[in-house]
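Welcome, and thanks for taking a look at this one with me. Below is a short tour of how the helices pack, followed by a few individual residues.

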Amino acid sequence: VPVRQIAAAIEGLGYVADRRGRMRRAVLLLAAADRLRRQTAPLSPVWFSEHDRAVSSVRAAFGDRFDVIWAEGASLSLDETLTLASEPVA
């Protein structure tokens, strides 16, 4: 599976986590997806508004701590990201 598709799937799970109020999980997944995407191809314009909405939502939830948590997500290995992504969202 190409890294670009993995990034899109992980980002989608980040959107779901945000909508379900799992804010820390959302930040970690969105940051990990962003890092993966930077290795391949930019975000499709189709997803700009949802991406901006989700990032704004989690940024508001964490305030000053957002950058620290985002950096944590961006530093996750692919294996760590996949483990996080495979955990139930509930």
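## The nonpolar core

Which residues have the most contacts inside the largest nonpolar core? In this predicted model, they are Ile-10, Val-27, Leu-30, Val-58, Phe-62, Phe-66 and Trp-70, within a core of 24 residues. Helices 1 (3-19), 2, 3, 4 (66-74) and 5 each supply at least two residues of this core. Helix 2 gives the most, with nine residues.

As background, nonpolar side chains tend to be buried together in soluble globular proteins. With the core in mind, the helix pairs are a good place to go next.

## Helix 2 against helix 3

Let's begin with helix 2 (residues 23-39) and helix 3 (residues 48-62), whose axes come within 10 Å and cross at roughly 130 degrees. An angle between 115 and 145 degrees counts as oblique, so helix 2 is oblique to helix 3. The crossing is left-handed. On the helix 2 side, the contact is made by Met-23, Arg-24, Ala-26, Val-27 and Leu-30, while helix 3 brings Ala-54, Val-55, Ser-57, Val-58, Ala-61 and Phe-62. Sorted by class, this contact has nine nonpolar residues, one polar and one charged.

Phe-62 deserves a moment of its own. Apart from its neighbours within four places in sequence, Phe-62 is in contact with Met-23, Arg-24, Val-27 and Ile-69. Met-23, Arg-24 and Val-27 also belong to the helix 2 side of the contact with helix 3, and Ile-69 is one of the helix 4 residues that meet helix 2.

## Helix 2 against helix 4

How do the axes of helix 2 and helix 4 cross? They come within 7 Å and cross at roughly 55 degrees, which makes helix 2 oblique to helix 4. This crossing is right-handed, whereas helix 2 passes helix 3 in a left-handed one.

From helix 2, the residues that take part are Arg-24, Val-27, Leu-28, Leu-30, Ala-31, Ala-32, Asp-34 and Arg-35, and they meet Phe-66, Ile-69, Trp-70, Glu-72, Gly-73 and Ala-74 of helix 4. By class, the residues of this contact divide into nine nonpolar, one polar and four charged. Val-27, Leu-30, Phe-66 and Trp-70 are also among the residues with the most contacts inside the largest nonpolar core.

## Helix 1 against helix 5

Now for another pair: helix 1 and helix 5 have axes 10 Å apart and pack at an angle of about 40 degrees. Angles under 35 degrees count as roughly parallel, so helix 1 and helix 5 are oblique to each other. Helix 1 passes helix 5 in a left-handed crossing.

Helix 1 contributes Ile-6, Ile-10 and Leu-13 to the contact, and helix 5 contributes Leu-78, Thr-81, Leu-82 and Ala-85. Six of these residues are nonpolar and one is polar, with no charged residues. Ile-10 is another of the residues with the most contacts inside the largest nonpolar core.

## Ser-44 and Ala-8

Where does Ser-44 lie? Look in the loop between helix 2 and helix 3. Its relative accessible area is 32%, so Ser-44 counts as partly exposed. Ser-44 and Ala-8 are 36 residues apart along the chain, and their C-alpha atoms are separated by 9.5 Å.

Ala-8 has its place in helix 1 and is partly exposed too, at 40% relative accessibility. From Ala-8 we can also reach over to Leu-36, 28 residues away along the chain, with a C-alpha separation of 9.1 Å.

## Pro-88, after helix 5

Is Pro-88 buried or exposed? Pro-88 lies in the segment after helix 5 (78-86), and it counts as exposed because its relative accessibility is 68%, with exposed meaning over 50%.

Exposed as Pro-88 is, it still has contacts beyond its neighbours within four places in sequence, namely with Arg-22 and Arg-25. Phe-48 sits 40 residues from Pro-88 along the chain, and the C-alpha atoms of these two are separated by 26 Å.

Note on methods. Residues numbered from 1 in each chain as written. Predicted model: local features only at pLDDT ≥ 70, side-chain atom pairs only at ≥ 80, totals over all residues. Heavy atoms only, no water. Buried < 20%, exposed > 50% of the residue type's maximum accessible area, 1.4 Å probe, protein only. Contact = heavy atoms within 4.5 Å. Axes fitted to C-alpha atoms, helices over the stretch in contact; angles between N-to-C directions. Parallel < 35°, antiparallel > 145°, perpendicular 65-115°, else oblique. Left-handed = near helix turned anticlockwise from the far one by under 90°. Nonpolar A, V, L, I, M, F, W, Y, C, P; charged D, E, K, R; others polar. Core = buried A, V, L, I, M, F, W, Y, C linked by side-chain atoms within 4.5 Å.
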